[in-house]
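Me: Could you take me through one part of this protein at close range? I would like to start from a single residue and see what surrounds that spot.

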Amino acid sequence: VVLRLIQRIVGTLEQVGAPGALSRTPRAAFVAECVGAANVIDVVLETDVPGGATAAIALGDDRIMATAPVPSAAGRAKLVVRPEDIGLAPAESTQMGPRGRIKRRQYLGSRTSYVVALAGGGTLAVDVSSADHDRYAVGVAVVLLLSPATTLVLAP
């Protein structure tokens, strides 16, 4: 079904795989956006990177590490990270990561969905389901916790 949807929309085959595999390991930003919820934002890849390697990328004023599932050239790129793969920590914590501020929140029982405005511009959707998932109010400063294993960088 997903394969047919992608073929119908763009007229070319972007990627073949089971929905779970397409969701976790998209090879293009378009595939990530078609399969499940994903944050897809513009970033800068600092150096060329071979497929499967971890690379440094500029996310606004911050530098983070992300996995490049396919070889990628330095320059404009897309950051792809699922909302459930981002953690939050209080701004005063010693944890490292991009800084942001809670812009919106929605309590959903077993989890809370946040929209975080990044200090360098842009926003990320974050779904937190830990025991203290409902701890951040609108306007509170936070640190975003991104794992290179679940944060991808792809060609634009």
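Reply: Happy to! Let's start with Leu-88, which lies in strand S5. Please keep in mind that this is a predicted model.

Leu-88 has a relative accessible area of 14%, so this residue is buried, the cut-off being under 20%. Leaving aside neighbours within four places in sequence, the contacts of Leu-88 are Ile-102, Tyr-114, Val-116, Val-126, Val-128, Tyr-136, Val-142, Val-143, Leu-144 and Leu-145. One of these, Val-128, is 40 residues away from Leu-88 along the chain, yet the C-alpha atoms of the two are separated by 7.8 Å.

Now for the sheet around this spot. S5 belongs to an open sheet of five strands, in the order S5-S9-S6-S7-S8, with antiparallel pairing. Strand S5 (86–90) and strand S8 (123–128) are the edge strands, each pairing on one side only. From one strand to the next, the twist averages 45 degrees. As a general point, strands of a sheet pair through backbone hydrogen bonds, either parallel or antiparallel. The partner of S5 is strand S9 (residues 141–146), and the two run antiparallel over five bridges. Within that pairing, Ala-89 has Val-143 in S9 as its bridge partner. Val-143 also appears among the contacts of Leu-88. It helps to recall that in a regular strand the side chains alternate between the two faces of the sheet.

Two of the contacts of Leu-88, Tyr-114 and Tyr-136, deserve a look of their own. How are their rings arranged? The count of aromatic pairs comes to one. In this pair, the ring centres of Tyr-114 and Tyr-136 are 6.0 Å apart and the planes meet at 70 degrees, so the arrangement is edge-to-face. Tyr-114 sits in strand S7 (residues 112–118) and Tyr-136 in the loop between S8 and S9, so the pair ties together parts that are 22 residues apart in sequence. Tyr-114 is buried, at 1% relative accessibility, and Tyr-136 is buried too, at 6%.

The loop between S8 and S9 also holds His-133. Is His-133 buried or exposed? With 8% relative accessibility, His-133 counts as buried. Not counting residues up to four places away in sequence, His-133 touches Tyr-107, Gly-109, Ser-110, Arg-111, Thr-112, Tyr-114 and Val-128. Tyr-114 and Val-128 are familiar from the contacts of Leu-88, and both are touched by His-133 as well.

For some context, here are the strands that come earlier in the chain. Strand S1 (residues 39–45) and strand S2 (residues 53–59) run antiparallel and are joined by two bridges; here Leu-45 has Ile-57 in S2 as its bridge partner. S1 also pairs with strand S4 (residues 75–81), in the antiparallel sense and over seven bridges, with Val-44 opposite Arg-76 in S4. S1 is mostly covered, as five of its seven residues are buried. S2 in turn pairs with strand S3 (residues 62–68) over seven bridges, again in the antiparallel sense, and Thr-54 stands opposite Thr-67 in S3. The hairpin of S2 and S3 has two residues between the strands, and Gly-60 takes a positive phi near 65 degrees there.

To return to the starting point: Leu-88 is a buried residue in strand S5, and its contacts include both Tyr-114 and Tyr-136, the partners in the edge-to-face pair.

Note on methods: Residues numbered from 1 in each chain as written. Predicted model: local features only at pLDDT ≥ 70, side-chain atom pairs only at ≥ 80, totals over all residues. Heavy atoms only, no water. Pairing = 2+ DSSP bridges. Helix = DSSP H or I, 4+ residues; strand = E, 2+ residues; numbered from the N terminus. Axes fitted to C-alpha atoms, helices over the stretch in contact; angles between N-to-C directions. Buried < 20%, exposed > 50% of the residue type's maximum accessible area, 1.4 Å probe, protein only. Contact = heavy atoms within 4.5 Å. Phe/Tyr/Trp six-rings, centres within 6.5 Å; stacked < 30°, edge-to-face > 60°.
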